[in-house]
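Please walk me through this protein structure, one part at a time. Keep the steps short and plain.

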Amino acid sequence: MELINASTRYCAVLGHPVRHSASPAMQNAALKELNLPWCYLALEVHPQDLRAAIAGAKAMKLIGLNLTVPHKTAALEMVDVVHEKARRSGAVNTIVFETPSLGGDWVPLGQVAVEDVGPIRSHGYNTDAQGLARSLEEDFQWPDLRGASVLLLGAGGAARAAALQLAEEGIDSLFLVNRTGAKAEQLAAELRGGFPKIHIITRLPHDPVDLVINATSVGLKASDPPPLAEEWLESRRPRRVYDVIYRPAETRLLRAAKKAGCQTANGLGLLLYQGAAALELWSGRAAPVAVMRAALQKDIYG
Ligand code: ATR
């Protein structure tokens with residue numbers, strides 16, 4: 001706190017609720033490591049105030065914002081410019097405030113002195129999919145998903161971002177399963193339109209798949225049932241099981257998957273790499289990933 005003075009600049013995550021967010025611990029550790037005189041805040045914003053909050057952040061020349069539950073979809077309509085990946089995912093998790101440079105290009109505020117800031121626009125990005133890709137690559141030492149078969153659980157915002165990333169990486173088949181079947185069917189129809197070569201099937205696979213991803217919120221509470229039956233895991237034994245949930249560190253799904261002999265990983269890597277990508281957009285500098293990971297682990301697992 002003693003580091004805050006009149007020159008300090010700010011980024012923030014907006015959420016409702018936001019108190020659970022590990023992003024301030026991760027991002028402030030990174031800012032310190034990079035020697036940037038910025039501070040990253042967590043701000044509780046009710047959905048009905050989101051538009052005003054984004055406008056206020058712009059007026060106060062914040063460097064950027066992250067958006068968490070439940071703001072990612074609504075923010076799509078509230079930014080001045082939407083990056084292609086965010087548009088396709090239907091969600092914005094990162095906003096970069098930009099101003100014209102002397103040459104006329106829009107540059108991030110974080111890369112311009114405050115006195116040089118002119119008109120500002122908000123640019124909406126989605127770094128979640130990129131975060132998932134880097135996490136899969138690192139956690140499973142699996143750099144190339146081409147030709148893979150994947151079972152994706154869920155059809156909400158997280159699942160949509162994951163499905164698009166997997167499709168862009170050239171997987172061969174995608175099994176989509178969701179509690180509300182109609183939402184899985186709708187996502188499947190959209191994906192078939194954009195990626196006609198990928199086999200998209202809205203049921204559980206009969207054969208072992210290369211990867212299962214849980215992109216539902218089932219597992220956040222200790223009392224939640226696993227989103228996939230243990231017998232299914234035992235009998236179909238997928239090679240890898242990824243849970244986007246990172247708290248608790250081992251969900252019932254991951255415990256059962258480990259027991260069934262699958263490689264497993266939780267969503268900490270996704271959280272880390274989506275944050276690293278946001279910081280890189282704001283600052284134009286390489287994110288100090290090791291420092292960020294250590295800060296996240298300490299904040300979440302103690
Ligand atoms: P997010 O942006 O985190 O993906 P979301 O869009 O609300 O959040 O999506 C939550 C996902 O978890 C959905 O796929 C949801 O299923 P429905 O589409 O049927 O609502 C799934 N989900 C949430 N609670 C669930 C439960 N108790 N059992 C099964 N699926 C559940």
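Begin with the charged pairs. A search of the whole structure, which is a predicted model, finds 13 salt bridges. One pair to find is Arg-160 and Glu-190. Their side chains meet in a salt bridge, with N and O 2.6 Å apart. This pair links distant parts of the chain. Arg-160 sits in helix 5, residues 157–168. Glu-190 sits in helix 6, residues 181–194. The two residues are 30 residues apart.

Now step back to the overall layout. The domain assignment splits the chain into domain 1 and domain 2. Domain 1 is made of two stretches, 9–126 and 270–301. Domain 2 covers 130–266. Look at the C-alpha centres of the two domains: 27 Å lies between them. The domains are in contact, with 13 residues from domain 1 and 18 residues from domain 2 taking part.

How much area is buried between domain 1 and domain 2? The figure is about 1,500 Å². Carbon and sulfur atoms give 50% of that area. In domain 1, three residues lose the most area to domain 2: Arg-88, Leu-270 and Tyr-273. Together they make up 39% of what that side buries.

Salt bridges also cross this interface. The rule finds three of them between domain 1 and domain 2. Stay with Arg-88 for a moment. Arg-88 forms a salt bridge with Glu-168, and the closest N and O atoms are 3.5 Å apart. Polar contacts can be counted too. Between the two domains, eight residue pairs are in polar contact.

Which helices supply the domain 1 side that touches domain 2? Helix 3 (84–89), helix 9 (268–283) and helix 10 (289–301) each supply at least two residues. Helix 9 gives the largest share, five residues. Sorted by class, this side of domain 1 has seven nonpolar, three polar and three charged residues.

Turn next to the ligand. Which residues are around the ligand? Among them are Gly-154, Ala-155, Gly-156, Gly-157 and Ala-158. Asn-178, Arg-179, Thr-180 and Lys-183 are also around the ligand. So are Thr-216, Ser-217 and Val-218. Some atom pairs deserve a look. A polar backbone atom of Gly-157 is 3.1 Å from an oxygen atom of the ligand. Thr-180 uses its side chain: a polar atom there lies 2.4 Å from a ligand oxygen atom. For Ser-217, a backbone N or O atom lies 3.3 Å from an oxygen atom of the ligand.

Finish with the backbone itself. Most residues other than glycine have a negative phi, and most peptide bonds are trans. Where does this chain depart from that pattern? His-16 and Pro-17 are joined by a cis peptide bond, with omega about 5 degrees. Pro-17 is in the loop between strand 1 (9–15) and helix 1 (23–33). Another cis peptide bond joins Val-69 and Pro-70, with omega about 0 degrees. Find Pro-70 in the loop between strand 3 (64–67) and strand 4 (81–82). Then look at Asn-35. Asn-35 is not a glycine, yet its phi is positive, about 60 degrees. Asn-35 lies in the loop between helix 1 and strand 2 (38–44).

Definitions and conventions. Residues are numbered from 1 along each chain as its sequence is written. This is a predicted model: local features need pLDDT of at least 70, side-chain atom pairs count only at pLDDT 80 or more; totals for chains, interfaces and linings use all residues. Side-chain values use heavy atoms; hydrogens and water are left out. Domain bounds come from an automatic or database domain assignment. Contact means heavy atoms within 4.5 Å. Buried area is the accessible area (1.4 Å probe) that two parts lose on being put together, summed over both. A salt bridge is a side-chain nitrogen of Lys or Arg within 4 Å of a carboxyl oxygen of Asp or Glu. A polar contact is a pair of N or O atoms within 3.5 Å; within protein, one must be able to donate a hydrogen and the other to accept it, and residues adjacent in sequence count only if both atoms are side-chain atoms. Helices (H or I, at least four residues) and strands (E, at least two) are DSSP runs, numbered from the N terminus. Ala, Val, Leu, Ile, Met, Phe, Trp, Tyr, Cys and Pro count as nonpolar, Asp, Glu, Lys and Arg as charged, and the others, Gly among them, as polar. A residue is near a molecule or strand if one of its heavy atoms lies within 4 Å of it.
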